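Student: Please pick one part of this structure and go through it closely, along with what surrounds it. I am new to it, so say what each term means when it comes up.

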Amino acid sequence: SNVNIVEGDGTLGVPGEAPFDGIIVSAASPKIPKALLEQLAVGGKLVIPCGNLFLQKLIVAERKSDGKIKIGESIGCRFVPLIGKDAFN
C-alpha cells in the first residue's frame, strides 16, 4: 500500500483524490467536517473523535448504498484538537 502525505487544512480533506473507502481523523472536532463526509465512497467509513476540547466520543460514519450517511457513536476518548475551517479555531 501507498501513503501520501498532504499538508493543509485537514477539515477540507483531499477532494482531488476522493472518493475514499476510509478516512481516519486523529484529532478531535466539535462536529464532523462536511467536506470529509462528502468525500466518502459508497460503503466508505469515516472515524473521528467528536466533542469538546476535554471529552469526545469516537464517531463512525458510513455512506450507505442509497447515498445516505449512517452515524454511530462508540467509546469515550480524548484527542488533541483538530484545527481548521470546519473544526476548532
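Tutor: Start with a single pair of residues: Phe20 has Leu40, in strand S2, as its bridge partner. The part to look at is the sheet to which this pair belongs. The model is predicted, so local features need pLDDT of at least 70 and side-chain atom pairs count only at pLDDT 80 or more, while totals for chains, interfaces and linings use all residues. Residues are numbered from 1 along each chain as its sequence is written, and side-chain values use heavy atoms, with hydrogens and water left out. Helices (H or I, at least four residues) and strands (E, at least two) are DSSP runs, numbered from the N terminus.

The sheet is open and has 4 strands, in the order S1-S2-S3-S4, with mixed pairing. Its edge strands, S1 and S4, each pair on one side only. From one strand to the next the twist averages 15 degrees; axes here are lines fitted to C-alpha atoms, for helices over the stretch in contact, and angles run from 0 to 180 degrees between N-to-C directions. Two strands count as paired if DSSP finds at least two bridges between them.

Now take the pairs in turn. S1 and S2 run in the parallel sense, over 4 bridges. In the segment before S1 lies Pro19, and the peptide bond leading to Pro19 from Ala18 is cis, with omega near 5 degrees. S2 and S3 are antiparallel over 7 bridges, and a hairpin of 4 residues joins S2 to S3. Gly51 has Gln56, in S3, as its bridge partner. S3 and S4 also pair in the antiparallel sense, over 7 bridges. Their hairpin has 5 residues between the strands, and in this hairpin Gly67 takes a positive phi near 90 degrees. Lys57 stands opposite Gly76 of S4.

Ser74 also lies in S4, which covers residues 69-77. Its C-alpha atom is 5.1 Å from that of Leu58, although the two residues are 16 apart along the chain. Contact means heavy atoms within 4.5 Å, and beyond four places in sequence Ser74 touches Lys57 and Leu58. Ser74 counts as partly exposed because its relative accessibility is 37%; buried means under 20% relative accessible area, exposed over 50%, and partly exposed in between (1.4 Å probe, protein chains only).

Next, the core. A nonpolar core is a set of buried Ala, Val, Leu, Ile, Met, Phe, Trp, Tyr and Cys residues joined through side-chain atoms within 4.5 Å. The largest one here has 14 residues, of which Val25, Ile32, Leu37, Leu46 and Ile48 touch the most other members. Helix H1, S2 (40-51) and S3 (56-63) each supply at least two of its residues, and S2 gives the largest share, 4 residues. Leu46 touches Ile23, Val25, Ile32, Leu36, Leu37, Leu40, Ile59, Val60 and Ala61, leaving out residues up to four places away in sequence. In soluble globular proteins, nonpolar side chains tend to be buried together.

Two cysteines deserve a check. Cys50 is buried because its relative accessibility is 12%, and Cys77 is buried too, at 13%. The sulfur of Cys50 has its closest cysteine sulfur in Cys77, 8.8 Å away, which is too far for a bond. A disulfide is a pair of cysteine sulfur atoms within 2.5 Å, and a search of the whole structure finds 0.

Finally, two polar residues outside the strands. Ser29 lies in the loop between S1 (20-24) and H1 (34-38) and is buried, since its relative accessibility is 0%. Its side chain reaches the backbone oxygen of Lys31 at 2.5 Å. Beyond four places in sequence, the residues that Ser29 touches include Ile48, Pro49, Cys50 and Gly51. Thr11 lies in the segment before S1 and is likewise buried, with a relative accessible area of 0%. The side chain of Thr11 makes a polar contact with the side chain of Asp9 at 2.6 Å. A polar contact is a pair of N or O atoms within 3.5 Å; within protein, one must be able to donate a hydrogen and the other to accept it, and residues adjacent in sequence count only if both atoms are side-chain atoms. The side chain of Thr11 also reaches the backbone nitrogen of Lys85 at 3.5 Å.
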